[in-house]
Amino acid sequence: MIFVQTILSSIFAVCMALLVIFIRMKAAKKPSSVKKIILPPIFMSTGALMFLFPEFRVSSLQIIEALSVGAIFSIFLIKTSKFEIRDSDIYLKRSKAFVFILLGLLVIRIVMKLVLSTTIDIGELTGMFWLLAFGMIVPWRITMYVKYKKLESAGFPPTIKTSV
């Protein structure tokens, strides 16, 4: 049963990764905004409600481990997230490496989950991997926010709209 849960959660992770790739590619066609940068971690934070249930609770050491691995993984996302100015708007620059990095991180995560599921309870493991993902997205989005604000405050010329 635990093996089936691990496989199903891994399939779910693959689907989520594909969704993220699709959303990221689509988002690159529209201007970025502070709202688009900060909302994903806020929405994801609702997942912390799982820790209200005892089966998902993790030890202090597991929290530190998961957040540390997430922070390390975030470095790869940070390196591939750059902004550019197009048509007087700020856009997230498309990166071919982003897709491969995201898929690589997903493979590492699935392998880690398969290995760890033999020694750690599935509920604890779920909590740890949520913390890993949260520990990855928060530093990445904070860095994106800082880069966006620096570019915005650099005083690029605003679009001049004339009314007729």
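Good morning. A cavity is a set of grid points where a 1.4 Å probe fits but cannot get out. With that term in hand, I shall present this structure, which is a predicted model.

I begin with the enclosed space. The structure holds 1 cavity of 30 Å³ or more. The volume of the largest cavity is about 30 Å³. Which residues line the largest cavity? They are R24, M25, A28, K93, R94, S95 and F98. Sorted by class, this lining has 3 nonpolar residues, 1 polar residue and 3 charged residues.

I turn next to the open space, the largest pocket. About 1400 Å³ of space lies in the largest pocket. Its lining is made up of 43 residues, and the closest to the centre are M16, A17, V20, M44 and I137. Five helices each give two or more residues to this lining: α1 (2-27), α2 (34-44), α3 (60-79), α4 (96-116) and α5 (122-153). Which element provides the largest share of the lining? That element is α1, with 12 residues. As for the chemical classes, the lining of the largest pocket has 31 nonpolar, 4 polar and 8 charged residues.

Let us look at α1 in more detail, through two of its residues. The first I have chosen is I7, which is found in helix α1. I7 counts as partly exposed, because its relative accessibility is 31%. I7 and K113 are 106 residues apart along the chain, yet their C-alpha atoms are separated by 9.4 Å. The other residue is S10, also in helix α1. Is S10 buried or exposed? At 7% relative accessibility, S10 counts as buried, since the cut-off for buried is under 20%. The C-alpha atom of S10 lies 8.8 Å from that of R109, although 99 residues separate the two along the chain.

Following the chain onward, we come to the two strands, β1 (83-86) and β2 (89-92), and the loop between them. Within β1, the side chains of E84 and R86 meet in a salt bridge, with 2.9 Å from N to O. E84 is partly exposed, because its relative accessible area is 25%. R86 likewise counts as partly exposed, at 32% relative accessibility.

The loop between β1 and β2 contains D87 and S88. Some background is useful here. Most residues other than glycine have a negative phi. What is the phi of D87? It is positive, at about 50°, although D87 is not a glycine. S88 is not a glycine either, and has a positive phi of about 60°. As to accessibility, D87 has a relative accessible area of 65% and is therefore exposed, the cut-off for exposed being over 50%. S88, with a relative accessible area of 25%, is partly exposed.

We now move to the loop between α4 and α5, where S117 lies. S117 counts as buried, because its relative accessibility is 14%. Which backbone atom does the side chain of S117 reach? It reaches the backbone oxygen of L114, at 3.0 Å.

My last topic is helix α5. At its start, a side-chain oxygen of D121 comes to within 3.2 Å of the backbone nitrogen of G123. We may also check the length of α5. The helix has 32 residues, so at 1.5 Å a residue it should span 46 Å. Its end C-alpha atoms are 46 Å apart, which agrees with that expectation.

Helix α5 also holds a salt bridge. The side chains of E152 and K149 meet at 2.8 Å, N to O. Why are these two residues separated by about one helical turn? The reason is that E152 and K149 are 3 residues apart in helix α5. In general, an α-helix has 3.6 residues a turn, so residues three or four places apart point the same way. E152 counts as partly exposed, at 33% relative accessibility, and K149 also counts as partly exposed, at 32%. The count of salt bridges comes to 2.

To close, let me return to the main points. The largest pocket holds about 1400 Å³ of space, and α1 gives the largest share of its lining. The largest cavity has a volume of about 30 Å³. In the loop between β1 and β2, D87 has a positive phi. Finally, the span of α5 agrees with the expected 46 Å. Thank you for your attention.

Terms used. Residues numbered from 1 in each chain as written. Predicted model: local features only at pLDDT ≥ 70, side-chain atom pairs only at ≥ 80, totals over all residues. Heavy atoms only, no water. 1 Å grid on protein atoms, 1.4 Å probe; cavity = no way out; pocket = protein on both sides within 12 Å on 5 of 7 lines; lining within 4 Å. Points joined across faces, edges and corners; volume = space filled by probe spheres on them. Helix = DSSP H or I, 4+ residues; strand = E, 2+ residues; numbered from the N terminus. Nonpolar A, V, L, I, M, F, W, Y, C, P; charged D, E, K, R; others polar. Expected span 1.5 Å × (residues − 1). Polar contact = N/O pair within 3.5 Å; in protein donor to acceptor, adjacent residues only side chain to side chain. Buried < 20%, exposed > 50% of the residue type's maximum accessible area, 1.4 Å probe, protein only. Salt bridge = Lys/Arg side-chain N within 4 Å of Asp/Glu carboxyl O.
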